[in-house]
Amino acid sequence: MKISSNHIVVLALLAAACGGTEPDPPDNGGGNPPPPPPPPPSGSCAAAVDVALQPGEHVVVNPASGGGCVRFPAAGDAGAEYVYAAVATNGTETTLGSSVTYRLTGTSVVATSEASIAAAALPSQLDPSLGAFTRPKTREAFHGMLRTRERALATSPGLFFNLGSSGTSAVIPPTVGHQRTFKVCETTTCSDFVDVPATARYVGPKGAIYVDNTVPAGGYSQADLNQVGFLFDNYLYPIDTTAFGRESDLDNNGVVVVLLTDQVNALSGNCNAEGSVILGYFFGSDLLPGQEGSNGGEVFYGLVPDPNNAECTISLNYASEYLAPTFIHEFQHMISFNQHVLIRNGSSEDTWLNEGLSHFAEELGGRGIEDQHCSSGDCFTQFVVGDAGNAYRYLRDVEAHFLIEPGSSGGTLEERGANWLFVRWLADHFGADENGTAFTRALVGTNRLGAANVAAVTGQPFATLVPEWQLANYLENLPGFVPASPRLQYESWNFRATFEAFNAQSPGSYPRPYPLVPDSTLTGAYSRQGTLRAGSGRHLRILQAPQASAVTLHLTDGSSQSIGSSSAAPRIGIARIR
């Protein structure tokens, strides 16, 4: 079921209201002049792969065939139009990320580039967890560190030595008023921990909310805590466990514990100056009793209002708005760690897929919670606006960002947008129900990781899925295009209408009606060099006038040598539009 443009109009208004107006600097390579053109490509295109497609059809080509050359036939009386996407499809997560430099050249003598149209810079406030904050450096680096540390912990010798039963078969939940001291990360490296005494302020059938005994004035009321506790018990918990599986219960208390503390606020430092705030987190160490700082049970953490803090001002409204989305996001990470590491003795999920599933959890919350339970009266907007904004940022410059982000990345907003979009597209086409929950459960309930996990659950090669997704990112509800395969669009969204609404209401923040604008060639002449990053690449439109001659495109590496054997596993996705 497509999301209507009328609903998305509200998203645009909230996205515009959630942040400041400070733009990013233009994407001009840091002010450096472009590199000199490379030498002409080696080899000929005598053995080019011929593209024989009817309108709506598509094909994925391995550039190892035909020397990286593809030939589009001469156009008939009606002319023709194609979209070509050169992408890197290596799905292995590495420290620096998989990539390859490329050169793409075409025949003839005249070309135009729609991508050269100047676009206003897009502010950074589109992350749902940032609101008015505009530079996500501290937050994203912190969460990247957590996922990296979890990977290391999951592969440590003797990991499971302390994972025995609690010694009692009776589940003993806490009660309201229960006092407990938690170990909480003292720094953004989580190399040191601080003791936080806290009191249980809400206990329900699925969740218990503890509040730091020394929180600042102006914090959550009991009604606020009761409301988010109600949401967790009745919506967030069933949504997450239906979509991803069950959490562990190492501490045998029958509930998931949330600690709300200003120690989380402190991790953001001077967030007013830096423009980055950490809303909350889950750390797999808590599910590994005996590890330094482990709380030996199911705990995740959230910030508290601190309206009088001159360095990191957190209003009650801001904290309350993002509390439930943070819960549903972090709970997926907790479930994933249990399913991959504790149950199946595997490693924690690759960061890109782990984050994609957690952002997908936010969308499920927006779709599944009734509006009367959200403060704004619009749960979809509250839970999903940031995901749509991050997707816009990614699509605005696909080539510049990874889908399979490096292990050294903290997860930029653009990478988060790519992660969510890819999981959303997969669920659309391989999920057996509207929300894709059977599909996502299969992704989480395994010891497989990343691209291999996706390929196993879909039954499709990752090197085929990525080019198809990138074609869909441009062809999504393209006027006049009728796809022969549903994979060339999204089933659950009308992103073209969504982003047109964003642009109409806030053109300064959303400078294009649709963010992905490929380069274009009218005659076949084309020349571009750049970098294909894992999961991402370059889009090009080939437009042929009636009776136009054949067009040949040649993809090589940046040194004009064969690209087919690159470890980045480049592929070419091609769809005929008309």
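**View 1. A left-handed β-α-β unit built from β8, α3 and β9.** In this predicted model, strand β8 (residues 207-212), helix α3 (residues 222-244) and strand β9 (residues 256-260) make a β-α-β unit that is left-handed. The two strands of the unit, β8 and β9, pair in the parallel sense, and five bridges hold the pairing. To find your place in this view, start at Val211, which stands opposite Leu260 in β9. Helix α3 lies across β7, β8, β9 and β11 (299-302), and runs at about 85 degrees to β7.

**View 2. The hairpin of β7 and β8.** Now turn to the pairing of β8 with strand β7 (residues 193-203), which is antiparallel and also spans five bridges. Three residues make up the hairpin connection from β7 to β8. Two bridge partners are handy to label here: Thr199 is matched with Val211 of β8, and Ala198 is matched with Asp212 of β8. Val211 is a useful landmark, having Thr199 as its bridge partner and standing opposite Leu260 in β9.

**View 3. Strand β8, covered on both faces.** How many of the six residues of β8 are buried? Six of the six are, so the strand counts as mostly covered because buried means under 20% relative accessible area. In a regular strand, side chains alternate between the two faces of the sheet. Here one side carries Gly207, Ile209 and Val211, the other carries Ala208, Tyr210 and Asp212, and all of these are buried.

**View 4. The six-stranded sheet around β8.** Step back a little and the strands can be read across the sheet in the order β6-β7-β8-β9-β11-β10. The sheet is open, and its pairing is mixed. Which strands stand at the edges? They are β6 (179-185) and β10 (280-281); each has a single partner strand, so one side of each is left without a neighbour in the sheet.

**View 5. A salt bridge along helix α9.** The structure holds 15 salt bridges, and this view shows the one between Asp428 and Arg424, whose closest N and O atoms are 2.8 Å apart. Both residues belong to helix α9 (residues 413-430), where a spacing of four residues separates them by about one helical turn. Are these partners buried or exposed? Asp428 counts as buried at 13% relative accessibility, and Arg424 counts as buried at 0%.

**View 6. A salt bridge between strands β14 and β12.** Side chains of opposite charge can pair when their charged atoms come close. In this view Arg538 and Asp519 do so through a salt bridge of 3.1 Å, N to O. The pair links distant parts of the chain, with Arg538 in strand β14 (residues 537-544) and Asp519 in strand β12 (residues 519-521), 19 residues apart. Both Arg538 and Asp519 are buried. For an inset, consider the network in which salt bridges with shared partners join Glu363, Arg367, Arg424 and Asp428.

**View 7. Glu247 and Arg246, a salt bridge between a buried and a partly exposed residue.** The title pair have side chains that meet in a salt bridge, at 3.2 Å from N to O. Glu247 has 11% relative accessibility and therefore counts as buried. Arg246, at 47%, counts as partly exposed.

Terms used. Residues numbered from 1 in each chain as written. Predicted model: local features only at pLDDT ≥ 70, side-chain atom pairs only at ≥ 80, totals over all residues. Heavy atoms only, no water. Salt bridge = Lys/Arg side-chain N within 4 Å of Asp/Glu carboxyl O. Buried < 20%, exposed > 50% of the residue type's maximum accessible area, 1.4 Å probe, protein only. Pairing = 2+ DSSP bridges. Right-handed = clockwise from strand over helix to strand, strands pointing away. Contact = heavy atoms within 4.5 Å. Axes fitted to C-alpha atoms, helices over the stretch in contact; angles between N-to-C directions.
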